[in-house]
Amino acid sequence: MQIPLSDDARRWQRIAREYADEYLLPHEVEAELNEGELPDEIDARNKKRAIELGFTAIDVPKSYGGLELPMECQVAIWEQLGRVTNALSWCFPEAQSWMFDACSDAQLEQYVLPMMRGEQKECYAITESGPGSDVAAIQATAVRDGDDYLLNGEKWFVTSANLATFMWFQAKLPEEGDQALFLVDVDAPGIKMIANPKFSHTYASHHPTYLFTDVRVPVAARVGRSGDGMAYTHSWFRHERLMIGARSCGACARLIEEATAFASERIIDGAPLAEKQAIQILLADSATELYAARLMTYDAARAADRGDDLKALHTRCSMVKLYVSEVANRIADRAVQIFGGRGYMRENVAERFFRELRVDRIWEGTSEIQRLIIARSLVKRGLDGM
Ligand SMILES: Cc1cc2nc3c(=O)[nH]c(=O)nc-3n(C[C@H](O)[C@H](O)[C@H](O)COP(=O)(O)OP(=O)(O)OC[C@H]3O[C@@H](n4cnc5c(N)ncnc54)[C@H](O)[C@@H]3O)c2cc1C
């Protein structure tokens with residue numbers, strides 16, 4: 001399925017596809033059957049190659065030695081990496097452009113630029129058990145104490161914290177009636193992992209719960225300026241929501257290809273399964289929805305590249321996240337059905353994606369929250385403002 005892409009985006013698409021096929025895909029089943037883990041030397045090799053290819057620098061400004069790729073190219077890369085299960089593509093850290101607006105020179109030197117070299121790895125401690133989806137209502141606090149802040153609170157689902165070196169910690173500032181992000185090392189005194197639940201997918205990255213008790217960080221660990229509030233968290237959400245769209249498109253393409261190949265080879269009643277109308281409907285609906293999903297995701301990426309109005313872009317990223325994640329879940333479900341009993345085996349890509357894609361309707365804001373964002377935007381700005 002070809003959709004119009006710039007020459008550069010096609011080049012990055014090819015590079016990412018080759019990397020996914022050669023370095024990641026052959027290790028999926030091994031990871032699945034081994035709690036998501038790969039041998040250290042494979043992990044190290046995959047990370048090294050990703051850094052050599054420039055994947056850690058795709059969203060880094062050129063003035064900091066990055067590639068500063070257009071979003072269209074970044075989507076092309078993440079779409080191909082999204083073809084792989086077991087989050088094997090999470091083997092490298094991701095420095096993002098908003099970090100260069102948000103962080104001081106010292107923060108960039110200590111945390112963000114080393115991510116580009118693979119020397120620091122990030123995780124995000126935002127969600128709490130009480131407010132959940134309502135990030136504005138978080139209870140964690142950062143209270144000034146001389147030249148320091150004391151961080152307190154409980155954070156849930158801190159993805160990759162077991163592999164990370166530092167956290168982006170979101171806290172209320174009671175003295176300012178605002179919120180801010182803080183940079184804090186994962187092993188700082190006062191940070192304690194209090195739970196490490198198992199989740200549906202089989203990933204080396206865990207999602208533990210952390211208790212922060214009087215974690216002392218210097219004032220210089222605060223990200224951004226007074227009044228920035230949740231602006232940078234929103235930048236992160238926009239980026240992630242678009243990239244969930246990209247990864248989900250890649251997953252859908254792989255599912256459709258594998259299910260089509262299986263249906264073409266599997267003989268039932270003396271004819272390929274692909275000739276049965278019931279199966280053709282599943283495949284046709286999947287291909288059609290993927291077409292819409294890809295057009296939408298690349299259109300939002302180009303809107304970001306054009307520098308379209310930020311509020312309109314925010315809404316479009318929500319639309320992409322909502323639509324594409326739901327399409328991907330439908331396609332994974334259909335693929336399992338086409339594979340029959342084989343589709344329920346953990347060694348089958350459809351089974352793994354069926355479990356793995358489910359969380360894309362939950363994290364970075366649930367489908368219901370995306371609908372709230374879209375509906376509010378519609379009421380405030382009308383269709384032309386979206
Ligand atoms: C595997 C995994 C990894 C995660 N990784 C991270 C991470 O790295 N960092 C991080 O900070 N967070 C992370 N999260 C948290 C994730 O972002 C939240 O789970 C998500 O935002 C939903 O919050 P909640 O689980 O508290 O659900 P709740 O807010 O309790 O929602 C429960 C249900 O109510 C619905 N709902 C809530 N509010 C409304 C409303 N106003 N109107 C209508 N319906 C509503 C929701 O859509 C949902 O269906 C992760 C979660 C998971 C499962």
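The following exchange concerns the ligand shell and the helix packing of a predicted model.

Biologist: Which conventions apply to residue numbers and to side-chain values?

Modeller: Residues are numbered from 1 along each chain as its sequence is written, and side-chain values use heavy atoms, with hydrogens and water left out. Because the model is predicted, local features need pLDDT of at least 70 and side-chain atom pairs count only at pLDDT 80 or more, whereas totals for chains, interfaces and linings use all residues.

Biologist: Which residue places a polar side-chain atom 2.6 Å from a nitrogen atom of the ligand?

Modeller: The shell holds 18 residues (each with a heavy atom within 4 Å of the ligand), and those that come nearest are Thr127, Ser133, Phe157, Thr159 and Glu368. Polar contacts are pairs of N or O atoms within 3.5 Å; in one, a polar backbone atom of Ile126 is 3.0 Å from a ligand oxygen atom. In another, an N or O atom in the side chain of Glu368 is 2.7 Å from an oxygen atom of the ligand. The side-chain atom at 2.6 Å from a ligand nitrogen atom belongs to Thr127.

Biologist: Which helix gives the most residues to the shell around the ligand?

Modeller: By class, the shell has 10 nonpolar, 6 polar and 2 charged residues, where Ala, Val, Leu, Ile, Met, Phe, Trp, Tyr, Cys and Pro count as nonpolar, Asp, Glu, Lys and Arg as charged, and the others, Gly among them, as polar. Helices are DSSP runs (H or I, at least four residues) numbered from the N terminus, and the one that gives the most, with 3 residues from the stretch 367-381, is H11.

Biologist: How are H7 and H8 oriented to each other?

Modeller: The axes, which are lines fitted to C-alpha atoms over the stretch in contact, with angles running from 0 to 180 degrees between N-to-C directions, come within 9 Å for H7 (residues 231-265) and H8 (residues 277-306) and cross at roughly 155 degrees. Since angles over 145 degrees count as roughly antiparallel, H7 and H8 are therefore roughly antiparallel.

Biologist: What is the angle at which H8 and H9 pack?

Modeller: H9 covers residues 310-339, and its axis is 9 Å from that of H8. The residues of this contact divide into 17 nonpolar, 3 polar and 7 charged. H8 and H9 are roughly antiparallel to each other, with an angle of about 160 degrees.

Definitions and conventions: A polar contact is a pair of N or O atoms within 3.5 Å; within protein, one must be able to donate a hydrogen and the other to accept it, and residues adjacent in sequence count only if both atoms are side-chain atoms. Helices (H or I, at least four residues) and strands (E, at least two) are DSSP runs, numbered from the N terminus. Angles under 35 degrees count as roughly parallel, over 145 as roughly antiparallel, 65 to 115 as roughly perpendicular and the rest as oblique.
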